[in-house]
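Visitor: I should like a close look at a single part of this structure, followed by its charged contacts. Please state the criteria along the way.

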Amino acid sequence: MTDDRRLTIVGLGFIGSRIARRAVEDGWTVTALSRRTTSAPDLPALRLLTGDATDADAVDGAVTDADWVVYAAGDAKPADSDADPVAYATQNLDPLLHVLRAVGRGRARGLTFLSSGGAVYGPEAPVPTPEDAPLWPASSYGVIKATAEQYVALHARRDGFAADVLRCANVFGPGEPTSGSQGLIGVTRARMRAGEPVVLFGDGSTRRDFLHVDDLADVVVRLAGRPDGLRVLNVGSGHSVSVSDIVAALAAGLGVEPQLELRPARASDVPVTQLDVDRLRATLDFEPRDTLAVLTAAP
């Protein structure tokens, strides 16, 4: 790869912004295509393009000169995905297909697709869950992620580019969502700071694998620098933490007594998500942050 390494990120939200920051630190020249640019990071090596990935011309303009493309766009609300599955599929697959076609036509050596380790495997998955576990999603969100993975593999093999399909744990950290139905840690932290009740679905025993956003960004950028065909990798902490323990750690870090609002468990929530990250560790030197330690120490 030449010294002028060019990376394009499609989607500059919570995760995309941190990937952009890490890529610039690693010496990449970064282009980002985003519908909303008001919260874009202030980075000197970032070329920011305003546009929608459903616009084929906008995608071509962003991707044409890239050496590597990261697809970080899409709707990240599993709990809402079943309300209108047809619209959800269209909104999330159309942009990806535009990007895949553009990558196949351009000079890029490969693409990273951010999938979901918590949604594609389903409630019957072994714990910890390896990458070769059957995919039995319990929500439209998971079905679309699994379908998108297959489209990535199809285009990568047919058009001859490398691809990293990263099945991510529940991502948290700087810039995390603070409202809505997705992002337990950010939403819970925001409600505690505002003195509002914390909504718990079920009894709090549900366990999740959590991943700091900067750990994910580091993995994305390092893998992009060493492409190797089609890789499917879990990216998580390798451990699971109960929702109750997350709430307790956040309360300790903020020095507050949480108010709880209990609601029935949701059908889209699997009991335990814990990813087997042995394959990732065999590929990279990977030591993720300890989730509870980070939350307890948070201001």
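Guide: What follows concerns one helix and then a selection of salt bridges.

This is a predicted model, in which local features need pLDDT of at least 70 and side-chain atom pairs count only at pLDDT 80 or more, while totals for chains, interfaces and linings use all residues. Residues are numbered from 1 along each chain as its sequence is written, and side-chain values use heavy atoms, leaving out hydrogens and water.

Helix α1 covers residues 14–25; helices (H or I, at least four residues) and strands (E, at least two) are DSSP runs, numbered from the N terminus. The expected span, 1.5 Å times one less than the number of residues, is 16 Å for these 12 residues, which agrees with the 17 Å between the end C-alpha atoms. Because 9 of the 12 residues are buried, α1 is largely enclosed by the rest of the structure; buried means under 20% relative accessible area, exposed over 50%, and partly exposed in between (1.4 Å probe, protein chains only). Among the buried residues are Phe14, Arg18 and Arg22. Their cover includes β1 (5–10), β2 (28–34) and α6 (213–224), where contact means heavy atoms within 4.5 Å. After α1 comes Gly27, with a positive phi near 100°.

The whole structure holds 17 salt bridges, each a side-chain nitrogen of Lys or Arg within 4 Å of a carboxyl oxygen of Asp or Glu. One of them joins Glu176 and Arg189 at 3.1 Å, N to O. Glu176 lies in the loop between β7 and α5 (184–193) and Arg189 in helix α5, so this pair ties together parts 13 residues apart in sequence. Both Glu176 and Arg189 are buried. Another salt bridge links Arg191 and Glu196 at 3.7 Å, N to O. Salt bridges with shared partners also join Arg22, Asp218 and Arg222 into one network.
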